[in-house]
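Morning, everyone. Please have a look at the screen, and then I'll take you through it.

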Amino acid sequence: MNAQTSNTAVQPVRQRTEWWQGGVIYQIYPRSFQDSNGDGIGDLRGITQRLDYVASLGVDAIWISPFFKSPMKDFGYDVSDYRDVDPMFGSLADFDALLTRAHALGLKVMIDLVMSHTSDQHPWFVESRASKSNAKSNWYVWADPQPDGTPPNNWLSIFGGSAWQWDTRREQYYLHNFLTSQPDLNFHSAEVQQELLDMARFWLERGVDGFRLDTINFYFHDKELRSNPALPQEQRNSSIAPSVNPYNHQEHLYSKNQPENLAFLERLRALTDEYDGRACLGEVGDAQRGLQIMGEYTKGNNRMHMCYAFEFLEGRRATAAWVKEVFDRLTTEAPDGWPCWAFSNHDVVRHASRWSLPDAAQRAYVALMMCLRGSACLYQGEELGLAEADVAFEDLQDPYGIEFWPEFKGRDGCRTPMVWETQSEHAGFGAAKPWLPVSADQAAMAVDRQEQDADTILHHYRKAIALRHAFDALMVGAQTDLKVTGDLLSFTRKTWDEEIFCAFNLGGSEVMTQLPKGRWKDAGFPLDGAVAPGANGLVLAPWHYCIAVKEAE
């Protein structure tokens with residue numbers, strides 16, 4: 001097979017100056033991390049109890065999914081009070097204690113802000129829907145029906161059906177890109193923007209180190225409410241919505257990704273920059289233009305610090321060819337962008353199952369992630385090698401899965417409780433029956449069992465994260481000479497005084513690679529004989545790799 005090479009450096013050479021540059025962020029889904037009070041649901045005190053473990057991984061920061069007051073129709077992503085903690089998770093005092101302990105351990109804390117929509121129980125929406133003339137009447141996206149009574153346009157909800165819901169009080173439709181109980185805020189209102197910025201300041205003043213910004217490209221809608229065009233079948237993919245969802249049939253030109261969003265992001269960044277060492281991570285949900293939007297949203301020094309798209313959260317495995325294609329597109333579409341990569345999160349099937357990965361492959365992929373240009377997000381339990389849990393229909397909680405069952409089983413399989421102790425009831429998650437069942441297969445891979453064996457994947461994750469932090473070149477260096485030959489992916493990371501060569505065998509057969517010219521030594525990640533000298537170079541066993549640092553001449 002002919003080799004393909006990319007020589008363009010897509011990140012200027014520089015030294016690391018901010019914690020988020022090349023940083024490793026550990027995502028915590030609070031409902032499922034640790035239950036401290038025996039109600040079957042994880043909480044903030046539970047997170048605090050487990051922070052020593054998180055710090056032991058060597059990560060830079062934690063990202064906590066929403067814990068604000070909420071009716072929990074979408075498990076916290078439907079906020080009814082942005083400035084308080086839902087009693088299910090504890091109190092503001094519990095959050096302050098978590099923040100203090102995290103900082104004492106050297107961990108930054110990012111919280112998940114859901115600003116594109118609220119709960120329909122938020123006081124803002126209660127007032128807005130009361131009449132067409134109240135003070136908050138335009139805080140949400142309201143529109144008259146078409147003459148025949150149908151919705152204003154063809155926009156669809158990610159959770160199924162029309163994105164418009166009829167309201168009898170105002171005799172108008174309101175927009176909801178997600179559940180009908182999640183009405184979209186109207187970002188064309190200056191008052192809405194200011195209120196959200198004031199809310200962000202509330203948390204910055206409390207001491208948070210940054211925000212993970214949910215559905216960041218959904219903030220603005222087209223003022224003219226133009227219908228979206230159809231998307232040709234060959235361009236559809238299921239990275240944002242499952243293939244059975246008609247949401248994939250549209251090109252979402254007007255329901256999201258609007259140019260007005262850039263000015264708001266600049267206002268949010270300016271606010272963040274008033275505080276030292278803070279960072280914004282935006283979630284870009286778009287199946288066709290994700291990398292381009294990432295480039296737009298992170299361009300320069302006055303927008304988002306970093307964004308992640310969904311290229312490596314898709315069903316297709318991150319083969320050598322796909323990784324190269326993604327970075328080639330990044331070079332073209334987002335040359336100044338700062339990506340943050342994730343293989344798993346709370347919305348997708350865990351990558352161990354999604355890509356059908358054996359243990360050796362999972363180890364190869366975390367090593368690869370720690371070598372790729374950009375920052376990285378790890379999802380709780382990923383470091384244990386957890387596969388997707390099988391949740392029976394009668395145990396489902398996720399409305400998304402209930403709607404599209406059985407072709408799409410929803411997100412509960414990646415949200416089952418964290419497994420801490422193999423022999424304990426509920427795997428050490430808590431004293432009471434948890435909100436989702438503990439997976440027996442996952443319990444067999446619990447933290448306490450893996451801690452006792454230096455060869456487990458948990459210890460491998462620690463080594464991979466430590467390797468990343470050992471070299472500025474892996475954190476912030478340029479990425480050059482990206483080359484693919486079959487399952488072999490190789491590239492170089494460089495700063496002005498470091499050069500690292502990385503070669504990964506992302507397949508099940510031996511491959512051959514060669515070190516570039518010069519003197520090289522192992523970068524400090526023992527490979528246990530997986531790399532062997534061959535007649536014309538180095539032989540990489542299946543799912544193994546070579547990470548080498550260039551010695552001074």
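Charges to begin with. The protein carries 51 positive and 75 negative charges, and their mean positions are 3 Å apart. Lys and Arg count as positive, Asp and Glu as negative; His and the chain ends are not counted. Each charge is placed at NZ of Lys, CZ of Arg, CG of Asp or CD of Glu.

Some ground rules. This is a predicted model, where local features need pLDDT of at least 70 and side-chain atom pairs count only at pLDDT 80 or more, while totals for chains, interfaces and linings use all residues. Residues are numbered from 1 along each chain as its sequence is written, and side-chain values use heavy atoms, with hydrogens and water left out.

Now the overall picture. The protein has 15 helices and 22 strands. Those are DSSP runs, numbered from the N terminus: helices are H or I with at least four residues, strands are E with at least two. The radius of gyration is 23 Å, close to the 24 Å that the globule rule gives for 553 residues, so the protein is as compact as a globular protein of that length. That radius is taken over C-alpha atoms, and the rule is 2.2 Å times the number of residues to the power 0.38. Along the principal axes, the C-alpha atoms fill a box of roughly 80 × 50 × 50 Å.

There are two domains: domain 1 covers 387–444 and domain 2 covers 478–550. The bounds come from an automatic or database domain assignment. Taken over C-alpha atoms, the centres of domain 1 and domain 2 are 38 Å apart.

How much of the protein is buried? Of the 553 residues, 61% are. Buried means under 20% relative accessible area, exposed means over 50%, and partly exposed is in between, with a 1.4 Å probe and protein chains only. The protein exposes about 20400 Å², and carbon and sulfur atoms supply 47% of that. Those areas come from the Shrake-Rupley method with a 1.4 Å probe; for residues, only the protein chains shown count as cover.

Contacts next. Contact means heavy atoms within 4.5 Å. Among contacts with a separation of 6 or more, 71% are between residues 24 or more positions apart.

Let's zoom in on helix α7. It spans residues 290–298 and includes E296. T298 is in α7 as well. Is E296 buried or exposed? Neither: E296 is partly exposed, at 28% relative accessibility. T298 is buried, at 3%. Leaving out residues up to four places away in sequence, E296 touches L262, R289 and R303. With neighbours within four places set aside, T298 has contacts that include M304, H305, D336 and W338. One distance for scale: E296 and A392 are 96 residues apart in sequence, and 41 Å apart in space, C-alpha to C-alpha.

On to helix α10, residues 359–369. Nine of its 11 residues are buried, so this helix is mostly covered. Among the buried ones are R363, Y365 and M369.

Now for W142. It lies in strand β7, residues 142–143. W142 is buried, with a relative accessible area of 12%. Which residues does W142 contact beyond its neighbours within four places in sequence? F125, S128, R129, S137, D167, R170, Q172, Y173 and Y174. Take Y173: it is 31 residues from W142 along the chain, yet their C-alpha atoms are separated by 5.7 Å.

P30 sits in the loop between β2 (24–28) and α1 (44–49). P30 is buried, at 2% relative accessibility. Beyond four places in sequence, its contacts include G42, I47, I64 and F89. P30 and P71 are 41 residues apart in sequence and 16 Å apart in space, C-alpha to C-alpha.

Last, the backbone. Most residues other than glycine have a negative phi, and most peptide bonds are trans. Where is the cis bond that joins W405? It leads to P406, with omega about 0°. P406 is in the loop between α11 (399–404) and α12 (440–443). A427 is in the loop between α11 and α12 too. Its phi is positive, near 55°, and A427 is not a glycine. A427 is buried, at 3% relative accessibility. F75 also has a positive phi, about 55°, without being a glycine. F75 is in the loop between β4 (68–69) and β5 (81–85). F75 counts as buried, at 6%.

That's the tour. Over to you.
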